Amino acid sequence: MTRPLAGAALALMVGASLPASAAEQSAPSLEDIVQSYQQGAAQAQQRDLSRLDTLLDDREKLEQAVAQAEARQQKAQARRENLDSTRQRQEDAIASINERRSSEGNDLQPMFDRLRHEIDDTRDSLKNGWLTLGSDISLPSLDDSSIASIDDLEQYAQSMSQLIARSAQGEHMTLPVAGQNGNITQRDVVRLGAMSAFSGGDLLRAPDDGRPLAVAAHTPSKVSSELEALVDGNSDIMVLDPTNGEVLQALAQQPSLLERIKQGGVIGYITLALGAVGLLIALAQFAWLALVSARTRRQMHHFEHLRDDNPLGRVLKRFGQQQRYHEPEVLEARMDEMLLAEQPGLERGQAVVKVIAAIAPLMGLLGTVTGMIGTFQAITVFGSGDPKMMAGGISQALVTTVLGLVVAIPLLFANTALNSRSRSLMNLLERQASAHLADRMDEQQSGLEADTRRYGNAS
């Protein structure tokens, strides 16, 4: 029994000692840690030493670069000192010149100031003018501290003489000109002194800060034909714009007839339509009355052949178909009835013309009221600060009034003329009818007396 128990105890001791040895192999010991730290510190020190050696080498280069920079700085400093000395000498020279000018030229200073002022004014006036067009005339440049030299005076005098000569000349040249579509082409340009210039039949706008010449926005047709005739040598009339383009600009902004009619709006179109209808009716009635008058006068020369194409022939033909014997009052009433039957045909359309002539001013008044309403609405929304916002309503008010009067006045004259013409024809018919009525009554009286003598009693 002693030997088995010893074996079991040895087995337990072996089983207990195995886990402890395994733990000792997996965790580093304190000595290992210290040793590892010392090795790392030595490696870091070695690296620092290596970096220090490298820095010592770069420092030498840096010192070399610093030395070069210091050399350049010294050179720049020397140059600056040289420039400062030069500036000082120039300032001393200017001061000396000013002192000498002050001491020697006090009497000439007003002349220099006046000359400089005149040169500046001349340059400003030529800036957008025609005199320097196509030329290289230049004026001397003088500032406040400069003294005009003899060359400056000669240049100014020569330039002024050239400008005076050009102001009385008409010159023909070829220059780039911008058309109405914006395309720039080489065109023949005629300059007329300092007043204007034109190309073909188009006036040109004044030069503008070196930009190419441009055709004016609007050239009246009469002016264009005069300019073309002048270029062709068929006329000696020159058309000028003495306002330097302001008149042309005003003409360009002036609306055409169609644009003015468009400003009248719907009421304006309706007024014109009514006027056109009235005018057509009046013309048609004029033509009809002229034809009737011609046929009536022709009928007056041929009473033996009564025709139905004129009122006189129809009246006499119907009157001739009456019974032989009638009382004078009956014949007169028949004649009046026949004349009244012809009157509507002669006065046809006059009522319509008269009504349109009366309505047209009322349409103009309606357009005036609507235009003023639009004007006040614009004032309510946008205020009265911008007159352009009110221009639309005011234009409509005025244009419709004008259109109404333009339609009414001619139609009133036309209605009066139609009335006079138809009344003249009616008077002619009445005179001729009265003459035939008198003849008929004389014949009736003569026949009655003859029948009385023949049969003793007419009844």
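This briefing walks through two nonpolar cores, a small run of strands and one buried arginine. The model is predicted, so please read each point as a description of that model. The largest nonpolar core has 26 residues, and a second, separate core has 11. Have the structure open as you read, and try to find each residue as it comes up.

**The largest nonpolar core**

- Six residues have the most contacts inside this core of 26: Phe 319, Met 335, Leu 339, Leu 346, Leu 411 and Leu 429.
- The elements that each give two or more residues to the core are helices H8 (265–300), H9 (311–320), H10 (328–346), H11 (350–382) and H12 (388–455).
- Which helix gives the most to this core? Helix H12 does, with 10 residues.
- Phe 319 is a good residue to click on: leaving aside its neighbours within four places in sequence, Phe 319 is in contact with Leu 331, Met 335, Met 338, His 436, Leu 437 and Arg 440.

**The second core**

- A separate core of 11 residues can be found elsewhere in the sequence, and Ile 119, Ile 137, Leu 139 and Tyr 156 are among its members.

**Strands S2, S3 and S4**

- Strand S2 (residues 184–192) pairs with S3 in the antiparallel sense, over 3 bridges.
- Leu 192 has Ser 196 in S3 as its bridge partner.
- The hairpin of S2 and S3 has 3 residues between the strands, and Gly 193 there takes a positive phi near 55 degrees.
- Strand S3 also runs antiparallel to strand S4 (residues 202–203), joined to S4 by 2 bridges.
- Ser 199 is matched with Asp 202 in S4 as its bridge partner.
- S3 and S4 form a hairpin too, with 2 residues between them, and Gly 200 in the turn has a positive phi of about 65 degrees.
- In a regular strand, side chains alternate between the two faces of the sheet.
- Are the two faces of strand S3 (residues 196–199) covered or uncovered? Both are covered: Ser 196 and Phe 198 are buried on one side, and Ala 197 and Ser 199 are buried on the other.

**Arg 166, a buried arginine**

- Arg 166 sits in helix H4 (residues 150–166).
- Why does Arg 166 count as buried? Its relative accessibility is 9%, and buried means under 20%.
- A polar atom of the Arg 166 side chain lies 2.6 Å from the backbone oxygen of Leu 131.
- Not counting residues up to four places away in sequence, Arg 166 touches Leu 131, Thr 132, Leu 133, Ser 135, Ile 137, Glu 171, Arg 191 and Gly 193.
- Two of these names have come up already: Ile 137 belongs to the second core, and Gly 193 has the positive phi in the hairpin of S2 and S3.

Definitions and conventions. Residues are numbered from 1 along each chain as its sequence is written. This is a predicted model: local features need pLDDT of at least 70, side-chain atom pairs count only at pLDDT 80 or more; totals for chains, interfaces and linings use all residues. Side-chain values use heavy atoms; hydrogens and water are left out. A nonpolar core is a set of buried Ala, Val, Leu, Ile, Met, Phe, Trp, Tyr and Cys residues joined through side-chain atoms within 4.5 Å. Buried means under 20% relative accessible area, exposed over 50%, partly exposed in between (1.4 Å probe, protein chains only). Helices (H or I, at least four residues) and strands (E, at least two) are DSSP runs, numbered from the N terminus. Contact means heavy atoms within 4.5 Å. Two strands pair if DSSP finds at least two bridges between them. A polar contact is a pair of N or O atoms within 3.5 Å; within protein, one must be able to donate a hydrogen and the other to accept it, and residues adjacent in sequence count only if both atoms are side-chain atoms.
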